[in-house]
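Reader: Could you walk me through this structure, please? I am new to this and would like to take it piece by piece.

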Amino acid sequence: SPSADMESTQVASTRELQSVEDQPLPTAPTAPQETQEEPQEDELSPNTHSSSSITQVTALLPSVSPDRAKQALESKCWNVEAALGHLLDDPGNSSTQEVNANDPPDKRGEEPPICRAPSPKGKGKQEEKEENPRHTALAHVTSLLPYVSTERARRFLDANAWDVETTVAQLLDEGDSGTSDTKLAHQIEEQDALQEKERKAQRLREEEESQRALMALLEREFEEKRRVREENERKAQEGISKFLEEERRAREEKAQQAEEATIAFLKEEKEQRDRELQLRTYPCCICFTEKIIGEIYIIDECEHRFCTECLEEYLKAEIQEGHGDRLQCPQPACRKPIGYYEVKQILKPEDFERYEKFLLSRHLEGDPSVRWCPRPNCGNAMIGNASRPMIICTNDKCRYTFCFNCKEEWHADATCEEYQRWKIE
């Protein structure tokens, strides 16, 4: 309530007054004292004067930081009275705003003052010293009792010989109509401010409610649009997938039909070609008679055509004459070799077996470590060694023992030369 606020303000003012009782209160200086201090003040440097001004402002206004006091003094050309008035007229800036005094005035949001630091010499400084104690006392009273006007504080200070302690106590104890009117005016202002604050809070709550309702409506609309869009995208995707699947199936059916048609065409063409080949005749290069393709054999190396009967008789004759290891095409101008597997296809099994024996014997004859059994009607081949000349035939029906070197019957107690002499004798 306003009364409680006033009581709390009075208690706080009393506490602040008690906290400053220990500090020496400024009093109005007399003329002789000013005359005695002038020579000492003339000896001070500008920096010392600036520091004393800042100390004086912060002592009178404890809630003001030194940086803020320096800023106010610089903006008022180091006039302590003007700086105190500026800080009292704008008390919020002294406690809520922190400005770096070292920054230039244009960076602190102010226009740079066109002034210099106060000179410690001259008549203006002496007049300022005469006025500063009164302004200091006035500022102290108004800072301790914010609801007291400056004129009222000045009147009480004049009546009490500028004694700050007595003036503050008298203002706190006084209950005249002026103070009551001031308190009532403050209460009315506080009530109006409170009502205005409540109205603003109510408007803010209503605006927040309307914004929340609008946001909820927008969210519902957005969610509905998103759901419709997702449904449309899903249907479109299903339609595209279905179309692609049908197109793929149609393409596969066409490819399968084309493949089947191609296979049928190739099969028919092959059958037609086979029929033509079966009915077609080719002349044999040996007997010069016309033979169908089933009776003709084509040699792989040269592709010369011979009837199977003529080519078989030719190969048998060549093997019998001892040319089985170098069989060639019967064409006189060709003489391409006939391979082992071609001979196997042309000859009958018994003739091909004799051909293999011929090749084996011809190969073994060229090997110096191979010996044939000398017993008649055996014809078994074996591998021996000159350092161990005794050989026993591996044929179970033969088992004949002979010499590897001379191919005669085995002579264990004599050399080959001795055995030959014994045979002659």
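Reader: Let's begin with something odd: where is Glu-303 placed?

Author: Glu-303 sits in the loop between strand S3 (296-298) and strand S4 (305-307), and please keep in mind throughout that this is a predicted model. What makes Glu-303 odd is its positive phi of about 60°, although the residue is not a glycine.

Reader: Why is that worth pointing out?

Author: Because most residues other than glycine have a negative phi.

Reader: Is Glu-303 buried or exposed?

Author: Glu-303 counts as exposed, because its relative accessibility is 56% and the cut-off for exposed is over 50%.

Reader: Which other residue has a positive phi although it is not a glycine?

Author: Lys-407 is one of that kind, with a phi of about 60° as well. This lysine is found in the loop between strand S8 (401-403) and helix H14 (416-424). Its relative accessibility is 47%, so Lys-407 counts as partly exposed.

Reader: Okay, zooming out: how many helices and strands are there in the chain?

Author: The chain has 14 helices and 8 strands. Of its 425 residues, 26% are buried. If you take the contacts between residues at least 6 apart in sequence, 45% of them join residues at least 24 apart.

Reader: Can you show me a pair that is separated like that in sequence?

Author: Leu-60 and Leu-84 are a good pair to look at, since they are 24 residues apart in sequence while their C-alpha atoms are 8.8 Å apart in space. Leu-60 belongs to helix H3 (residues 46-60), and with a relative accessibility of 5% it counts as buried.

Reader: What else is Leu-60 in contact with?

Author: Leaving aside neighbours within four places in sequence, Leu-60 is in contact with Leu-84, Thr-136, His-140 and Ser-143.

Reader: And Leu-84, which helix is that in?

Author: Leu-84 is in helix H5 (residues 80-89), where the residues Val-80, Ala-83, Leu-84 and Leu-87 are buried. Seen down the axis of H5, these buried residues fall within an arc of 100°, so they line one face of the helix.

Reader: Why can residues that are not next to each other in sequence share a face?

Author: An α-helix has 3.6 residues a turn, so residues three or four places apart point the same way.

Reader: How does helix H4 pack with H5?

Author: Helix H4 (residues 66-75) packs with H5 at an angle of about 120°, and the two axes are 8 Å apart. That angle makes H4 oblique to H5, and the crossing of the two helices is right-handed. On the H4 side the contact is made by Arg-68, Ala-72 and Leu-73, and on the H5 side by Val-80, Ala-83, His-86 and Leu-87. Sorted by class, this contact has 5 nonpolar, 1 polar and 1 charged residues.

Reader: Now H8 and H9, at what angle do they cross?

Author: The axes of helix H8 (residues 150-159) and H9 cross at roughly 120° and come within 9 Å. H8 is therefore oblique to H9, and it passes H9 in a right-handed crossing. From H8 the residues Arg-152, Ala-153, Phe-156 and Leu-157 take part in the contact, and from H9 the residues Val-164, Thr-167, Gln-170 and Leu-171. By class, there are 5 nonpolar, 2 polar and 1 charged residues in the contact of H8 with H9.

Reader: Which residues of H9 are buried?

Author: In helix H9 (residues 164-173), the buried residues are Val-164, Thr-167, Val-168 and Leu-171. Looking down the axis of H9, you find them within an arc of 95°, so they line one face of the helix.

Reader: Different topic: is Asp-351 buried or exposed?

Author: Asp-351 counts as buried, because its relative accessibility is 8% and buried means under 20%. This aspartate lies in helix H13 (residues 349-365), and, not counting residues up to four places away in sequence, it touches Glu-312 and Lys-316.

Reader: One last residue, then: where is Glu-309 found?

Author: Glu-309 is found in helix H11 (residues 308-320), and it is exposed, with a relative accessible area of 62%. The C-alpha atoms of Glu-309 and Ile-296 are separated by 9.0 Å, and the two residues are 13 apart along the chain.

Terms used. Residues numbered from 1 in each chain as written. Predicted model: local features only at pLDDT ≥ 70, side-chain atom pairs only at ≥ 80, totals over all residues. Heavy atoms only, no water. Buried < 20%, exposed > 50% of the residue type's maximum accessible area, 1.4 Å probe, protein only. Helix = DSSP H or I, 4+ residues; strand = E, 2+ residues; numbered from the N terminus. Arc of directions from axis to C-beta. Axes fitted to C-alpha atoms, helices over the stretch in contact; angles between N-to-C directions. Parallel < 35°, antiparallel > 145°, perpendicular 65-115°, else oblique. Left-handed = near helix turned anticlockwise from the far one by under 90°. Contact = heavy atoms within 4.5 Å. Nonpolar A, V, L, I, M, F, W, Y, C, P; charged D, E, K, R; others polar.
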